[in-house]
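The following note sets out points for a colleague who is examining the model. Please read them alongside the coordinates.

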Amino acid sequence: MKTGFLYGIVASSKTRVRCLFCGVHIPKANKCIEQHTNGARHKENVELMTENGITFKNNILYCKPCKLELSLEDSMMQHIDGDSHSNWIVAMEDLIDGEFISIEPYLTSEKEDAYCEVCHSPFQCTLQNIESHVNGINHRTNITEHLKPLNGIFPVENDDEVWCKICNTFIDNSPQSILEHIDDDEQHMFWFSSIEDLIEEQDITIKSFLANEFDNNAYCNRCHQEINCNTKSLEDHINSEAHLTHFS
Ligand SMILES: [Zn+2]
Ligand SMILES: [Zn+2]
Ligand SMILES: [Zn+2]
Ligand SMILES: [Zn+2]
Ligand SMILES: [Zn+2]
């Protein structure tokens, strides 16, 4: 992306130029323009524009999500705050929340595709496509496979069920019931929130505990030590002198 200091600056009159991103006029002198384009507000606006899929090329301000050329007279802010644009952003964020779909390449570069990290596939980034992708059986299956080792969920001998190590409970072996368990089961969610609260910023990892059926331990990277993976033992360890000494 072109980011020279004249980026976004268009002629306005004999004595002034206009910054399209900030909607302001600036005296037509390199020094003034440079000062403006180095300013915090201008940089924020360029970032905002990028995050919103608005590009500026050949003197055309174009909004990719809305597939709309913005008139140079309109302010970019007005467009971003406008209904059609903000509805798209909200609907999109809703759709991709928790789905491992990245739309950043679409918004911030010339790519037309969104990318699904669990299906490893790109597809054209429209609300309709994303909606059908996230509801598709392949995606539901892939996302379940991706989430199992992050959630302590293991296959059992009979293929009809899986086992949740955290809740010590059996779940129907279907993407729907597994995802429901991960997202909605109170006991399951409570375990995660309590443990994550505890180990946050403590350099303790539970990755191996979650991904390996017979691993009963969390691991402290600070003390290079295994700790039984339950709230009591973790709490004791975090408050132990050894851990606190390594901490400082
Ligand atoms: Zn500006
Ligand atoms: Zn737009
Ligand atoms: Zn997918
Ligand atoms: Zn569970
Ligand atoms: Zn430790």
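1. Buried means under 20% relative accessible area, exposed over 50%, and partly exposed in between, with a 1.4 Å probe and protein chains only. By that criterion Cys22 and His36 are both buried, and Cys63 is buried with a relative accessible area of 0%.

2. This is a predicted model, in which local features need pLDDT of at least 70 and side-chain atom pairs count only at pLDDT 80 or more, while totals for chains, interfaces and linings use all residues. Residues are numbered from 1 along each chain as its sequence is written, chains are lettered from A and ligands numbered from 1 in the order in which they are written, and side-chain values use heavy atoms, with hydrogens and water left out.

3. The zinc ion (ligand 1) has as protein donors Cys19 (SG), Cys22 (SG), His36 (NE2) and His42 (ND1), at 2.0 to 2.2 Å. Donors are N, O and S atoms within 2.8 Å of the metal (3.2 Å for Na, K and Ca); water is not among the atoms, so sites may look incomplete. The angles subtended by the four donor atoms are 106 to 114 degrees, which makes the arrangement tetrahedral (four donors with all angles between 85 and 135 degrees). The donor spacing in sequence is C-x2-C-x13-H-x5-H. Cys22 sits in the loop between strand 2 (16-19) and strand 3 (24-27) and His36 in helix 1 (residues 30-37), so this pair ties together parts 14 residues apart in sequence. Helices (H or I, at least four residues) and strands (E, at least two) are DSSP runs, numbered from the N terminus.

4. For the zinc ion (ligand 2), the protein donors are Cys63 (SG), Cys66 (SG), His79 (NE2) and His85 (ND1), lying 2.0 to 2.3 Å from the ion. This site is tetrahedral, with angles of 106 to 113 degrees among its four donor atoms. Its donor residues follow the spacing C-x2-C-x12-H-x5-H.

5. Three strands form an open sheet in the order 13-14-15, with antiparallel pairing; two strands pair if DSSP finds at least two bridges between them. Strand 13 (204-205) and strand 15 (225-228) are the edge strands, each pairing on one side only. Strand 13 is joined by two bridges to strand 14 (residues 217-220), and the two run antiparallel. Within this region, Thr205 stands opposite Tyr219 of strand 14.

Terms used: Tetrahedral: all angles 85-135°; square planar, octahedral: opposite > 155°, others 65-115°.
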